[in-house]
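Work through the exercises below with the structure open. Each task is followed by a solution in steps.

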Amino acid sequence: MERLAVILFNLGGPDGPRAIEPFLFNLFNDAAIINAPSPLRWILAKFISRRRAPEARKVFKNLGGKSPLLEETQAQADALARRLENGAGEVRVFIAMRYWHPKSEETVEAVKAFGPDEIILLPLYPQYSTTTTASSLKEWHAQAAAQGLKCPTRAICCYPADPGLIRGQAALIGPAFAEAKNYGQPRILFSAHGLPKKIVARGDPYPWQIEQTVQAIVEILDSPPDRPDFDWAVCYQSRIGPLQWIGPSIDEEILRAAGDRVPLVVVPVAFVSEHSETLVELDIQYRGLAHELKVPHYVRVPALGVQEDFVGGLAGLVEAVLGNKEALCSAEGTRLCPARYGKCPITGP
């Protein structure tokens, strides 16, 4: 009987008030986030994390002082394990967080003790970015090498238009859209975490992959003939610091909706789990802005979590990769991104 280890990667989050500043330090000390030489990056990370910690504590106070992301990810790991356990062999699903526990170092140790015959690396980031997926996979491989974890390993770099992901999103949008229609013809805002423009200029394909996700969702939602005036937009949230970020920002889109007097359905299109960006930014801060600007109605679509189609899609990705000889592949098995995105990790056609 063969053993399969599936590793789910996510950002991580502080598990209590005392963890907030060290969590922020780990985040800003990542070369994928601050591209500076190591001694300077360490100093900057210390400075930024200390300065941002008080505001972050206010954010997490809304969530009981901690992030719910680990519990959310564990529920997804359990749901995925149940979907995979009917196959041949023994399957165990592990979690590796990038900036807080359990980090890759701890998970590698647990996987090594399990003794798998094969490992599948599955980031819970449907859209690839150097700041998320690439950073997580790099850290995993470094820790695996350091601990001598030698096992055939395959990684999924992205799945922006995976059918399970798209069906799951559409299913969750439906009830929210129906609610918003009571207040007028809704506009759907597909909100994703932002990136500084300079990272995209270096060839990061993240915004292009966001567009692929949104287009696939819209194709499902806009298919009935009675919706000729289907209204939607892509926007970005979580902008920090003085750098120029990709846009439009969700603030700008909420202001535009207020001017157009249209109700809003807000979809966290790049977040598959509930955490501070959804539960605080979208549910409290931006909902408050919409109310202040007198947007007719504001409804936020839940993150995918353990939605059945989404978890089924993840299981399908794992099963498909098992039959792929490549060490790294997309949901389609080959490169998805246009050639102009040089940071796409797949170099083939």
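Contact means heavy atoms within 4.5 Å. This is a predicted model, in which local features need pLDDT of at least 70 and side-chain atom pairs count only at pLDDT 80 or more, while totals for chains, interfaces and linings use all residues. Residues are numbered from 1 along each chain as its sequence is written, and side-chain values use heavy atoms, with hydrogens and water left out.

**Exercise 1.** Find the residues that Gln 209 touches, not counting residues up to four places away in sequence.

Solution. Start with the location: Gln 209 is found in helix H8. Helices (H or I, at least four residues) and strands (E, at least two) are DSSP runs, numbered from the N terminus. Next, take its cover: Gln 209 has a relative accessible area of 0% and is buried. Buried means under 20% relative accessible area, exposed over 50%, and partly exposed in between (1.4 Å probe, protein chains only). Finally, list the contacts: Pro 126, Gln 127, Tyr 128, Cys 158, Pro 160 and Cys 337 are touched by Gln 209.

**Exercise 2.** Describe the chain as a whole, beginning with its helices and strands.

Solution. Count the elements: there are 11 helices and 9 strands in the chain. Then compare the radius of gyration, 20 Å, with the 20 Å that the globule rule gives for 349 residues; the two are close, so the chain is as compact as a globular protein of that length. The radius is taken over C-alpha atoms, and the rule is 2.2 Å times the number of residues to the power 0.38. Now turn to burial: 54% of the 349 residues count as buried. Last, consider contacts between residues at least 6 apart in sequence: 79% of them join residues at least 24 apart.

**Exercise 3.** Trace helix H2 (residues 38–61) and state where it bends.

Solution. First, the length: H2 has 24 residues and reaches 32 Å from its first C-alpha to its last, close to the 34 Å expected at 1.5 Å a residue. The expected span is 1.5 Å times one less than the number of residues. Second, the bend: H2 turns by about 45° at Ala 53, and Pro 54 follows within four residues. A bend is the angle between axes fitted to the seven residues ending at a residue and the seven starting there. Third, the buried residues: among them are Arg 41, Ala 45, Ile 48 and Ala 53. Their cover includes helix H1 (20–28) and helix H10 (276–292).

**Exercise 4.** Which residue is at the centre of the kink in H10?

Solution. The kink, of about 35°, is centred on Leu 282. Leu 282 is also one of the buried residues of H10. The buried residues of H10 pack against H2, as well as elements including strand E5 (187–193) and helix H9 (250–260). Just after H10, Lys 294 takes a positive phi of about 65°.

**Exercise 5.** How many aromatic pairs does a search of the whole structure find, and how are the rings of Phe 9 and Trp 140 arranged?

Solution. The search finds 6 aromatic pairs. The ring centres of Phe 9 and Trp 140 are 5.9 Å apart and the planes stand at 85°, so this pair is edge-to-face. Rings of Phe, Tyr and Trp (its six-membered ring) pair if their centres lie within 6.5 Å; planes under 30 degrees apart count as stacked, over 60 as edge-to-face and the rest as tilted. Phe 9 lies in strand E1 (residues 3–10) and Trp 140 in helix H5 (residues 133–147), 131 residues apart. Phe 9 is buried, at 1% relative accessible area, and Trp 140 is buried, at 1%.
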